[in-house]
Amino acid sequence: MTADQYLLEIKNLSITYHAVHPPVKAVDGVSLQLRKGESLGIIGESGCGKSTLALGIMGLIKQGIVEGEIIYRGQNLVGLPEKRLRNYRWKDMAMVFQNSLEVLNPVLSIGEQIGEPLRAHYNLSPMEIDQKVVKLLEMAGLEPEWRHYYPHQLSGGMRQRVLLAMALSCDPELLIVDEPTTSLDPAGKNEILQLLQKLQKKLGFAMILISHDLGAVKKLTSRVMTLYCGRVVELGITSEVLKNPMHCYTRGLLNSSPNFFKYKDLWGIGGEPPLGDSVEGCAFYPRCCQGEESCRKTRPPLRYVALERMVACHKGGIETFLRAEGIRKKYILKDREIEAVKGVSLEIKSGEVVALVGESGSGKSTLAHILAGVLPADAGQVFFKNKKVEGRWATKMLGGMQIIFQDPFSATSHRMKVLEVVREPLDIIKWGSKEEREEEAIKALQKVQLPVSPEFLNRYCCALSGGQRQRLAIARALVTKPKLLIADEVTSMLDPSTQANLLRELKGLQNRHGFAMLYITHDLHLARKIADKVYVMYRGEIVETGVSFEIFENPEHVYTKRLLREAFRDLV
Amino acid sequence: MLVKIVERVKEFSLPGKAGLVVILVVLLVAILAPCISIHPHNISSGPPLVPPGGGHPLGTDELGVDLWAQICYGARVSLLVGFGTALLAALGGGLMGIVSGYLGGWPDKVLMRLIDIMIILPDLPVMIVLAAFFGPSLLNIILVLALFSWVFPARIVRSQILMLKERSYIKAAETYGAGVWYLMWKHFLPEVFPLVAVNMIRLSGRAIVAEAGLSFLGLGDPTSKSWGLIIHHATNFKGIYYTDFWKWWLLYPWLALIIMVISLAFISRELERMVDPRLGR
C-alpha cells in the first residue's frame, strides 16, 4: 500500500504533557489509517486522550511533546514549523471544537468569525467573503441574518452549527468533530447528526468523530476505535463492534449506554483509569474482569483477532467460556423416539448473561444437562475454556462451571442440614479446613439472603419452604465460586423482591469478576432485563440468536415473534 | 442418639412394646443362661420325664435333662441363627442391591435374573437338601438360610437406589466429583437403612422358624439345644401322644417359639409403621 492511498496515516503517535509533574502521557503509541471519505469514530472515557489526539493531528499541542509520525498525503506533519502547518490547517484539516461558547470570540460577530479562515487562506474581496458566509450559513441550516449577531445571542445548537460552518469554510478534506452533541436536546442532536451525515455525503470529506454518545457513533461512522489511557484497545467496523465487542472495556462502555440496552440496568466499569504516567503492561488490567498476573508484565499489542477487527489484549479479547457444537440427544421410549436436542451450537463468553428461552418441552433442560456434563450427548462436543468437557473436571473445580437444577425439592437432600448441604461441594473436593469451608458456606448463604443464625443452619432441609430450598441450591452452586453458572429456572419459586436481590447480586458478580450465566427461563420480562444475548429454542433447535436489544426489538423468526407477542401482550 | 431411640420407642403401640419386652427378656435369658438354670443342659440331672415342679421348673425330657436349661440354651441358638442370618442377608443383599441399582446395565440385569431364580426356588426343600449335603452345623445353617434370604433386601435396596439415583442432589454431588463410596456412605445408606432394618426383623423371624423346621426334621446341629431339636426329640418319642409327657416336653419349646416369632412380628410392624409415613425423613 503506498502512502498516497491513505489520506491520513498516524504511526505510533505519543503526546506527553510536560507542564504537569510527573509528565502525563495523554496519547501512547496510537496508529491509525484513514482513507478519503471514510469516517472513523473514537470512543472512550473522559481523559483517555481523545481530544489530545485531535489537537495533535491539527498540530495545536503547545505544551506537550509530540513523538511519532502524522502523515497527511505523504507529508509528515510532526516537527513542521508553524508557518507550514498553518497551510494545512483549515484548508486540508479542520476541527469542530468541543465547547462552543469558549471557542467563539465574544466580541466578533458570527459573520466575522466565519469569514476569518476565509480571509486567512484565500484572497477574496469582502463582498465575496460575505457571499460565502451566507452560503455556509445556509448549508449549516441557519438563516443568513444571524451573521450579524454575536455568539452570546445564539442558542447552543445554533452555535454548534456556526462552528460547523466555520470548519467547512475552506472545503477541508479531513474534518475532526469533537463531541458535537453534548448539551443538546434530542431534537438538536438529531439535527446536527443529520446535518453531518448530509454534508459528508455531499462534500465527501473524511471525518473523525470523537464522541461519548454511542448512538452518534453508530449513525455516522463506518469504523470505530476505542481509546483507553491513550492506547488503542479495539478497532473495527462500527456495526460489528457495537453488536459484538471483543474487548472488556468496549463492552463496559456499551453496557453503560442506555440507548442500546434499553431495559438493562446501568452498570459502569468499576475503578478509575490510572493517572497518566505510563503504565507497564496492560493499562486496563486493574479494572479488567478477566485479568491475570501475566497481563501486568507486557503491553498487549494491537492484533487482528477476526476479520477487520483488531484488539489489544493478551487473551485475544473477551475469552469464550463455553462452546458447544452440534449437540444431539434422543430419548428412546417404548414405542417412539423423541429428539430432544437436534444439532445445537452455542457460545457463552466471559462476563455475559445469555438467556435461553423457549416453550416447555423445547429441550432447554436437556441441553443444560448436556452442557454441564450430567447427561451424555449422542453427538457433538462441549468445550469449557477451550478444553473438552469429559467427565466432571469442569464442575468439580473452583472457578469452573456449575449447574443449578430446576426442581428445588429434589435438589437438596431432606436428610441433611442446611449448613451441610451448602458445604457439600467443598467437602467432596476436600478444600481447606472445616472452619474455612463453613466460613465459605456462610458467605454463600448471605449472598442469597438466607439467615445465618445457628438455629437455621442446623435445620433439616425438609423444614424449608420452596423458595428457601431454591436459594439453598443457588448458595450451594455459588460456594465453589464458579465462573459460569447454568441456571435452569432458578427463580421460579421466589418472590419478586428476593428474585431482584439475587439477580442483582449475580449481575454485580458479572460486572466485577467476569461471571457468565446461561439463564433458562420462561419469564421474558426478566430475560429482557438481564440478558446480553438471547438464544431462542423451539423443538430442539435454536431458531434465532443475537444480541438482546436486537432480538427483543426486531425479532426475525416467526416463532420468536409469536413468543414475544404472547409474553409482552399485557405489558404487566 | 439414644434419646431419639427412646422417644420413638415410646410411640410404639401396646403389642409393639410387649414384643420389645419379650425379645429383651429372651435376650437376657440367652445371655444369662448358665446363671439362671440350676441344672446343666446337656447332662441328665434327674429322673426322666418328670413333670414340672420341684427342682425342675419345666420338667425333664426322656434322658432326664432339665427342660428349662435346654430352653435357655436353645434361646441362644435361635437368637444367633435368627439375627445372624438377618444381618448377613441384609449386608450381602444390601450391598448387591446398591451395586446393581447404581451401576445399571449388565450387572443389574444379571443380578435381577439371579434374584428371580432365587425367589422362584422353593426354599425349604432346597434348604433341606443343602443342609443334608453340607452337614449339620450351626454355621452351615446360617449360611444356607442367608443364601435364601438375601434376595429380599437386595430387591428393596435396588428399587430405592434406582429412585435416589435420579434425584437432583445426587446428580449435583456427582458433578462435584463424588465417588461411589461417598454417595453410598453419605446419601444411600441413611436413606436405605430404615427399610433394611424393618426387613431384617422380618427376616430374622423367618430364619428362626426355618431353623426350627430344619432342626425338627433332624437336619440341625444335634449338639445345640435348639427348640426345634427338642420338639424333634419329643415327637420322635414313641407314645408322646398317649401320655402326658407332651404337656411339658412339647408345649414349652413350642410356646417359646411362638412367643418369639410373634413378638418379632409385632416389632417389625411397629417399625414399618414408624418408617413409612416418615419415609421422607
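**Talking through a two-chain predicted model**

Colleague: Let's start where the chains meet: how many residues does each one bring to the contact?
Modeller: Keep in mind that this is a predicted model. The contact draws on residues of both chains, and chain A puts in 19 residues. From chain B come 17 residues.

Colleague: Which helix of chain A gives the most to the side that touches chain B?
Modeller: Two helices of chain A, H12 (408-411) and H13 (418-429), each supply at least two residues of that side. With 4 residues, the one that gives the most is H13(A).

Colleague: And how do the residues on that side of chain A divide into nonpolar, polar and charged?
Modeller: Think of the side of chain A that touches chain B, the one H13(A) gives 4 residues to. Its residues come out as 9 nonpolar, 5 polar and 5 charged.

Colleague: What ipTM does the predictor give the complex?
Modeller: There are two scores for the complex, and the pTM is 0.78. The ipTM is 0.71.

Colleague: Moving into chain A, which strands are the edges of its 8-stranded open sheet?
Modeller: Chain A has 20 helices and 22 strands. In this sheet the order is S6-S7-S8-S3-S9-S10-S12-S11, with mixed pairing. An edge strand pairs on one side only, and that goes for S6 (93-96) and S11 (302-306) of chain A.

Colleague: Inside that sheet, which residue of S8(A) stands opposite Leu174(A)?
Modeller: Strands S7 (174-178) and S8 (206-210) of chain A run parallel and are joined by 5 bridges. Opposite Leu174(A), in S8(A), stands Ala206(A).

Colleague: What angle does helix H10 of chain A make with S9(A)?
Modeller: H10 (248-255) of chain A packs on the sheet, where it touches S3 (39-43), S9 (223-228) and S10 (231-237) of chain A. Comparing the direction of H10(A) with that of S9(A) gives about 105 degrees.

Colleague: Over to chain B: how many helices and how many strands does it have?
Modeller: Reading along the sequence, you get α-α-α-α-α-α-α-α-α-α-α-α-α for chain B. Its C-alpha trace spans about 75 × 45 × 25 Å along the principal axes. The secondary structure comes to 13 helices and 0 strands.

Colleague: Where in chain B is confidence lowest?
Modeller: The mean pLDDT of chain B is 83, and 97% of its residues reach 70 or more. Confidence is highest in H5 (105-120) of chain B, at 90. Where pLDDT is low, the coordinates shouldn't be read in detail. With a mean of 71, the lowest spot in chain B is helix H1 (residues 2-10).

Colleague: What share of chain B's residues is buried?
Modeller: A residue counts as buried here if 20 or more other C-beta atoms lie within 10 Å of its own. For chain A, with 572 residues, the share is 46%. For chain B, with 281 residues, the buried share is 43%.

Colleague: Take H7 of chain B: which of its residues are buried?
Modeller: H7 (138-149) of chain B has 12 residues and reaches 16 Å, close to the 16 Å expected. The cover over its buried residues includes H4 (67-103), H5, H6 (123-134), H8 (151-165) and H10 (180-216) of chain B. The buried ones in H7(B) are Ile141(B), Ile142(B), Val144(B), Leu145(B), Ala146(B), Phe148(B) and Ser149(B).

Note on methods:
Residues numbered from 1 in each chain as written. Chains lettered and ligands numbered in written order. Predicted model: local features only at pLDDT ≥ 70, side-chain atom pairs only at ≥ 80, totals over all residues. Contact = placed C-beta atoms within 7 Å. Nonpolar A, V, L, I, M, F, W, Y, C, P; charged D, E, K, R; others polar. Pairing = 2+ DSSP bridges. Axes fitted to C-alpha atoms, helices over the stretch in contact; angles between N-to-C directions. pLDDT = per-residue confidence, 0-100. Buried ≥ 20, exposed ≤ 12 C-beta atoms within 10 Å, placed from the backbone. Expected span 1.5 Å × (residues − 1).
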